[in-house]
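Hello,

Here is the structure I said I would pass on. My notes on its aromatic rings follow below it.

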Amino acid sequence: FRNRSTQPRRLYWIDFEGQRKPYGVIAPGKDREQPSSVGNHWVVTDESDRCLAIFAASPTAAIFDIE
(Lines give C-alpha, C1' and ligand atoms only; values in the text may rest on other atoms or scores of the structure.)
Protein backbone atom coordinates (compact mmCIF):
# COMPACT_ATOMS: atom_id res chain seq x y z
CA PHE A 1 0.00 0.00 0.00
CA ARG A 2 1.34 3.41 -0.97
CA ASN A 3 -0.28 6.42 0.65
CA ARG A 4 0.06 9.21 -1.91
CA SER A 5 -2.42 11.41 -0.08
CA THR A 6 -1.63 14.19 2.38
CA GLN A 7 -3.66 12.52 5.14
CA PRO A 8 -3.14 9.39 7.27
CA ARG A 9 -5.06 6.35 6.01
CA ARG A 10 -6.33 3.46 8.13
CA LEU A 11 -5.91 -0.10 6.89
CA TYR A 12 -8.32 -2.92 7.71
CA TRP A 13 -8.43 -6.59 6.77
CA ILE A 14 -11.94 -7.94 6.19
CA ASP A 15 -12.22 -11.22 8.11
CA PHE A 16 -14.20 -14.26 7.05
CA GLU A 17 -17.32 -12.99 8.85
CA GLY A 18 -17.11 -9.69 6.95
CA GLN A 19 -15.82 -7.69 9.91
CA ARG A 20 -13.07 -5.06 9.74
CA LYS A 21 -9.90 -5.92 11.62
CA PRO A 22 -7.54 -2.95 12.15
CA TYR A 23 -4.02 -3.19 10.72
CA GLY A 24 -2.76 0.26 11.64
CA VAL A 25 -2.31 3.61 9.98
CA ILE A 26 -0.27 4.48 6.90
CA ALA A 27 1.22 7.96 7.23
CA PRO A 28 1.05 10.44 4.34
CA GLY A 29 3.70 9.71 1.72
CA LYS A 30 4.62 6.36 3.28
CA ASP A 31 4.40 2.76 2.07
CA ARG A 32 3.29 -0.39 3.89
CA GLU A 33 4.25 -3.87 2.76
CA GLN A 34 1.42 -6.10 3.93
CA PRO A 35 1.62 -9.87 3.51
CA SER A 36 -1.72 -11.37 2.53
CA SER A 37 -3.35 -14.40 0.96
CA VAL A 38 -5.16 -14.62 -2.36
CA GLY A 39 -8.79 -13.66 -1.89
CA ASN A 40 -8.25 -11.54 1.21
CA HIS A 41 -9.89 -8.14 1.07
CA TRP A 42 -8.52 -4.90 2.48
CA VAL A 43 -10.27 -1.61 3.17
CA VAL A 44 -8.60 1.79 3.32
CA THR A 45 -10.41 4.55 5.21
CA ASP A 46 -9.90 8.15 6.20
CA GLU A 47 -9.56 9.15 9.85
CA SER A 48 -13.35 9.09 10.35
CA ASP A 49 -13.46 5.48 9.01
CA ARG A 50 -15.14 6.45 5.73
CA CYS A 51 -14.27 3.81 3.13
CA LEU A 52 -11.99 5.18 0.40
CA ALA A 53 -10.94 1.97 -1.37
CA ILE A 54 -11.29 -1.81 -1.25
CA PHE A 55 -8.53 -4.08 -2.54
CA ALA A 56 -8.54 -7.83 -3.15
CA ALA A 57 -5.24 -9.67 -2.79
CA SER A 58 -4.11 -11.37 -6.00
CA PRO A 59 -1.58 -14.15 -6.79
CA THR A 60 1.02 -11.59 -7.87
CA ALA A 61 2.49 -8.83 -5.76
CA ALA A 62 0.90 -5.49 -6.44
CA ILE A 63 1.22 -1.91 -5.34
CA PHE A 64 -2.03 -0.27 -4.35
CA ASP A 65 -1.85 3.51 -4.60
CA ILE A 66 -4.04 5.43 -2.19
CA GLU A 67 -4.71 8.88 -3.62
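**Aromatic rings**

R20 sits over the face of Y12, 5.4 Å from the centre of the ring. Please keep in mind that this is a predicted model.

Turning to rings that pair with each other, the count is six aromatic pairs. In one of them, F1 and W42 meet edge-to-face, with 6.1 Å from centre to centre and 65° between the planes. This pair links distant parts of the chain: F1 belongs to the segment before β1 (2-3), while W42 is in strand β4 (residues 41-45), and the two are 41 residues apart.

Are these two rings buried or exposed? F1 has a relative accessible area of 11%, so F1 is buried. W42 has a relative accessibility of 4% and therefore also counts as buried. The cut-off behind both calls is that buried means under 20% relative accessible area.

F1 also pairs with F55. Their ring centres are 5.6 Å apart and their planes are at 65°, so this pair is edge-to-face; the angle decides it because planes over 60 degrees apart count as edge-to-face. This pair, too, links distant parts of the chain, with F1 in the segment before β1 and F55 in strand β5 (residues 51-56), 54 residues apart. F55 is buried, at a relative accessible area of 13%.

Which residues make up the aromatic cluster that includes F1? The members are F1, Y23, W42, F55 and F64, which form one cluster.

Regards

Methods
Residues numbered from 1 in each chain as written. Predicted model: local features only at pLDDT ≥ 70, side-chain atom pairs only at ≥ 80, totals over all residues. Heavy atoms only, no water. Phe/Tyr/Trp six-rings, centres within 6.5 Å; stacked < 30°, edge-to-face > 60°. Helix = DSSP H or I, 4+ residues; strand = E, 2+ residues; numbered from the N terminus. Buried < 20%, exposed > 50% of the residue type's maximum accessible area, 1.4 Å probe, protein only. Lys NZ or Arg CZ within 6 Å of the ring centre and 35° of its normal.
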